[in-house]
Amino acid sequence: MAHAIAYNRLSGGDDADLELQVLRGLGDELAAALAAEGMRARVYSPIGDLVAGMAYLVRRLLENTSNESFLWAQAQGAPVAELLAAP
């Protein structure tokens, strides 16, 4: 979140340009802190059976920790233009 906020500001963006999202139960305190700083924070929660909810959580964890994700590639120094190029 801090990286997104800092990058937005350094790029000349306004805080109102961002909507930061957190998962209910995992980011409640972060959402409250963001809101206290005047940032827009959306708290969302997958609805449905527990098994479906667990599958959702596992997908997000795999997505965000994959060594093939754009976040990982950017941290390794991949140019942003390359990351945004059509596959």
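Which residues make up the largest nonpolar core? The points below answer that and then work outward. Note that this is a predicted model.

1. **The core.** Five residues form the largest nonpolar core: Ile5, Leu18, Leu20, Leu34 and Met39. Leu34 has contacts with fellow members Ile5, Leu20 and Met39. Leu34 also touches Met1 and Ala41. That list leaves out residues up to four places away in sequence.

2. **Overall layout.** The chain has five helices and two strands. Along the sequence they follow the order α-β-α-β-α-α-α. The radius of gyration is 15 Å, whereas the globule rule gives 12 Å for 87 residues, so the chain is more spread out than a compact globule. Along the principal axes, the C-alpha atoms fill a box of roughly 40 × 35 × 20 Å.

3. **Burial and surface.** Of the 87 residues, 16% count as buried. The chain exposes about 6,700 Å². Carbon and sulfur atoms supply 59% of that area.

4. **Contacts along the sequence.** Take the contacts in the chain with a separation of 6 or more. Residues 24 or more positions apart account for 19% of them.

5. **Asn8, a polar residue to look at.** Asn8 sits in helix α1, which covers residues 2–10. Is Asn8 buried or exposed? Its relative accessibility is 13%, under the 20% limit, so Asn8 counts as buried. A polar atom of the Asn8 side chain lies 3.0 Å from the backbone oxygen of Asp14.

6. **What surrounds Asn8.** Setting aside neighbours within four places in sequence, Asn8 is in contact with Gly13, Asp14, Asp15, Asp17 and Leu18. Leu18 is one of the core residues. Asn8 and Leu18 are ten residues apart in sequence, and their C-alpha atoms are 8.1 Å apart in space.

7. **Asp15, in the loop.** Asp15 lies in the loop between α1 and β1. Asp15 is partly exposed, at 22% relative accessible area. Beyond residues up to four places away in sequence, Asp15 touches Ile5, Asn8, Arg9 and Met39. Two of these names, Ile5 and Met39, also appear in the core. Asp15 and Met39 are 24 residues apart along the chain, yet their C-alpha atoms are separated by 6.4 Å.

8. **Salt bridges.** How many salt bridges does a search of the whole structure find? The search finds three. Side chains of opposite charge can pair when their charged atoms come close. Each pair is taken in turn below.

9. **Arg9 with Asp15.** The side chains of these two residues meet in a salt bridge, at 2.8 Å from N to O. Arg9 has 48% relative accessibility and counts as partly exposed. Asp15, at 22%, is partly exposed too. Asp15 therefore has two links to note: a contact with buried Asn8 and a salt bridge to Arg9.

10. **Glu19 with Arg42.** The closest N and O atoms of this salt bridge are 2.8 Å apart. Glu19 lies in the loop between α1 and β1 (20–23), and Arg42 lies in strand β2 (residues 41–44), so the pair ties together parts that are 23 residues apart in sequence. Glu19 is partly exposed, with a relative accessible area of 32%. Arg42 is partly exposed as well, at 44%.

11. **Arg24 with Asp28.** Here the closest N and O atoms are 2.6 Å apart. Arg24 has a relative accessible area of 53%, which is over 50%, so Arg24 is exposed. Asp28, at 25% relative accessibility, counts as partly exposed.

12. **Where to look again.** Start with the core of Ile5, Leu18, Leu20, Leu34 and Met39. Move to Asp15, which touches both Ile5 and Met39. Then go to Asn8, in contact with Asp15 and Leu18 among others. Finish with Glu19 and Arg42, joined by a salt bridge.

How values were computed. Residues are numbered from 1 along each chain as its sequence is written. This is a predicted model: local features need pLDDT of at least 70, side-chain atom pairs count only at pLDDT 80 or more; totals for chains, interfaces and linings use all residues. Side-chain values use heavy atoms; hydrogens and water are left out. Helices (H or I, at least four residues) and strands (E, at least two) are DSSP runs, numbered from the N terminus. Buried means under 20% relative accessible area, exposed over 50%, partly exposed in between (1.4 Å probe, protein chains only). A polar contact is a pair of N or O atoms within 3.5 Å; within protein, one must be able to donate a hydrogen and the other to accept it, and residues adjacent in sequence count only if both atoms are side-chain atoms. Contact means heavy atoms within 4.5 Å. A nonpolar core is a set of buried Ala, Val, Leu, Ile, Met, Phe, Trp, Tyr and Cys residues joined through side-chain atoms within 4.5 Å. The radius of gyration is taken over C-alpha atoms; the globule rule is 2.2 Å times the number of residues to the power 0.38. Accessible areas come from the Shrake-Rupley method with a 1.4 Å probe; for residues, only the protein chains shown count as cover. A salt bridge is a side-chain nitrogen of Lys or Arg within 4 Å of a carboxyl oxygen of Asp or Glu.
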